[in-house]
Amino acid sequence: RGHLSRETRFGISVTRLKASVVKLRLKVKDLTLQLKEKDRRITELEAKLEDKEAQRKELLSYLYKPSRRDGLDKKPMGKKPGAKGFHRPKPKSEDITERRTYTLTACPGCKGPVGGIVDSVTKYEEDITLVPRKTIKEIIITRHWCPKCETYVKSPDVPPISRIGLKTLGYILYARYRLRLPLDKIKESLSDLHGLRISEGEIVAKLQEAEIMLGKDYEAIKELIRHAKVVYADETGWRMDGQNWWLWAFVTERGIQYILEDTRGKGVPEKALGDKVDRVIVSDGYTAYKNLPGDKQQCWIHLLRSAKLHAPAMYQKLAILYHLLLIELEKPPNQRNKTYFIDTLVKISHQKSQDIGDQKIQARIKRDQKALLTCLDYEGVLPENNTAERAIRPQVVMRKIFGGSRSSDGARIHAINTSVIETMRKQNPDKNFFGVILPLLEKRAKEKCDSHSEL
């Protein structure tokens, strides 16, 4: 009993082997499915990694200039061939404040007499008054008793008197918004250059006084932006008492408006631009401008920059098309061939490609095709947003120096003062800062004086 025949033992072994084979086949099938899933997951992660690496390179291109150590992209030194040389212009006769003439009656060597003047050489030396003297006005206001009115009276011509004058206010605005000096450096420069001692608190008060004086001009700029036919818009980060705020810039041919808000939402441009329909808004493609009234023009430079990183082959085609677009814009609007650019963009966006970078740029072109060619329908609309970026660049420099604003009042003062100053400089490009701002301050001070007189 218990003894199995040879055939029985072989049958049992075969049965066990068959069961093992079934189990192994199920296991192999399961492992195969797992392997396919892992391969799919690896492909997705590699694509995401490639996309993130492209985004990292794009961000670095915004923050850092490319290295020129390899010499391949080295900028040539010196002026361009055939460029006209530069020299200081000859001063006007009415600008000369001092004249000196050096002539001879006897020879410096032999001490003998010399003949008449053979020729002469005129040279100029320009200099500055390094430490100008401050001016101090003493204003005496007399009061008198009026027996008829039974009260004390004084002259009605007495203007509003400020302890710090308008010229000092003009210099504070110049130092703050053109030289971009911190408050302590403005205080130091006034002491060194003019011998005027002033506290940082007084400087802040003068900046606030300027904001009140220029408020009327800021309101005019707001209306100018709302009614402009072409507006270039951009935004950048700002710090307000350690919190993240945003500085918005709206630029037209005649004015610049800066707005400081704690949001990057579409409500800011909606309020700033109003509901004007017959206009063009030029931007970098940020979605806050997408649904605003009016036509949209998106920046080609941003598209080319992204294509250069993600799709180099497609970048070449887009760069050529952009060059042709600039040439086309030199023609009158009714003579421009918009159909050619539409067909070319359609051809580029529908070209078959397995590259993720190409597909990303193609999707962007399909989405923004109409906004990329709006400039062809209008006169004077640029296909790029450099106008707004150039207006916002000085604010970025000030943000890096000042660190932003410390209060909402300070943010409002900064927005109003810089908007008026940059607008006045834009409207008077041939005048210097003081030739533009000081007359405006004097005009606003006179209006204030007249209003007080009426009261």
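This dialogue shows how to read several features of a predicted model of a protein chain.

Q: What elements of secondary structure does the protein chain contain, and how many of each?
A: In this predicted model, the protein chain holds 13 helices together with seven strands.

Q: Why is the protein chain described as spread out?
A: One compares the radius of gyration with the value that the globule rule gives. For 455 residues the rule gives 23 Å, whereas the protein chain has 36 Å, well over that value, so it is more spread out than a compact globule. Along the principal axes, the C-alpha atoms fill a box of roughly 145 × 85 × 60 Å.

Q: How many of the 455 residues count as buried?
A: A residue counts as buried when its relative accessible area is under 20%. In the protein chain, 32% of the 455 residues meet that description. The accessible surface comes to about 32200 Å², and carbon and sulfur atoms contribute 54% of it.

Q: What share of the contacts joins residues 24 or more positions apart?
A: Among contacts with a separation of 6 or more, such pairs account for 62% in the protein chain.

Q: Where do the mean positions of the positive and negative charges lie relative to each other?
A: The protein chain has 86 positive and 60 negative charges, and their mean positions are 7 Å apart.

Q: Which residues of the largest nonpolar core touch the most other members?
A: A nonpolar core is a set of buried nonpolar residues joined through side-chain atoms. The largest one here has 45 residues, and Leu 173, Phe 250, Ile 437 and Leu 441 touch the most other members. Beyond its neighbours within four places in sequence, Leu 441 is in contact with Leu 166, Leu 169, Gly 170, Leu 173, Met 213 and Leu 214. There is also a second, separate core of 38 residues, which includes Tyr 258, Leu 304, Leu 321 and Leu 325.

Q: Is His 302 buried or exposed?
A: The relative accessibility of His 302 is 12%, so this residue counts as buried. His 302 belongs to helix 7, which covers residues 300-310. Setting aside residues up to four places away in sequence, His 302 touches Asp 284, Arg 364 and Glu 389.

Q: Which residues does Leu 183 touch, not counting residues up to four places away in sequence?
A: Leu 183 lies in helix 3, residues 183-194. With that exclusion, Leu 183 touches Arg 176, Glu 200, Ile 203, Val 204 and Leu 207. Ile 172 is eleven residues from Leu 183 along the chain, and their C-alpha atoms are separated by 9.2 Å.

How values were computed:
Residues are numbered from 1 along each chain as its sequence is written. This is a predicted model: local features need pLDDT of at least 70, side-chain atom pairs count only at pLDDT 80 or more; totals for chains, interfaces and linings use all residues. Side-chain values use heavy atoms; hydrogens and water are left out. Helices (H or I, at least four residues) and strands (E, at least two) are DSSP runs, numbered from the N terminus. The radius of gyration is taken over C-alpha atoms; the globule rule is 2.2 Å times the number of residues to the power 0.38. Buried means under 20% relative accessible area, exposed over 50%, partly exposed in between (1.4 Å probe, protein chains only). Contact means heavy atoms within 4.5 Å. Accessible areas come from the Shrake-Rupley method with a 1.4 Å probe; for residues, only the protein chains shown count as cover. Lys and Arg count as positive and Asp and Glu as negative; His and the chain ends are not counted. The place of a charge is taken as NZ of Lys, CZ of Arg, CG of Asp or CD of Glu. A nonpolar core is a set of buried Ala, Val, Leu, Ile, Met, Phe, Trp, Tyr and Cys residues joined through side-chain atoms within 4.5 Å.
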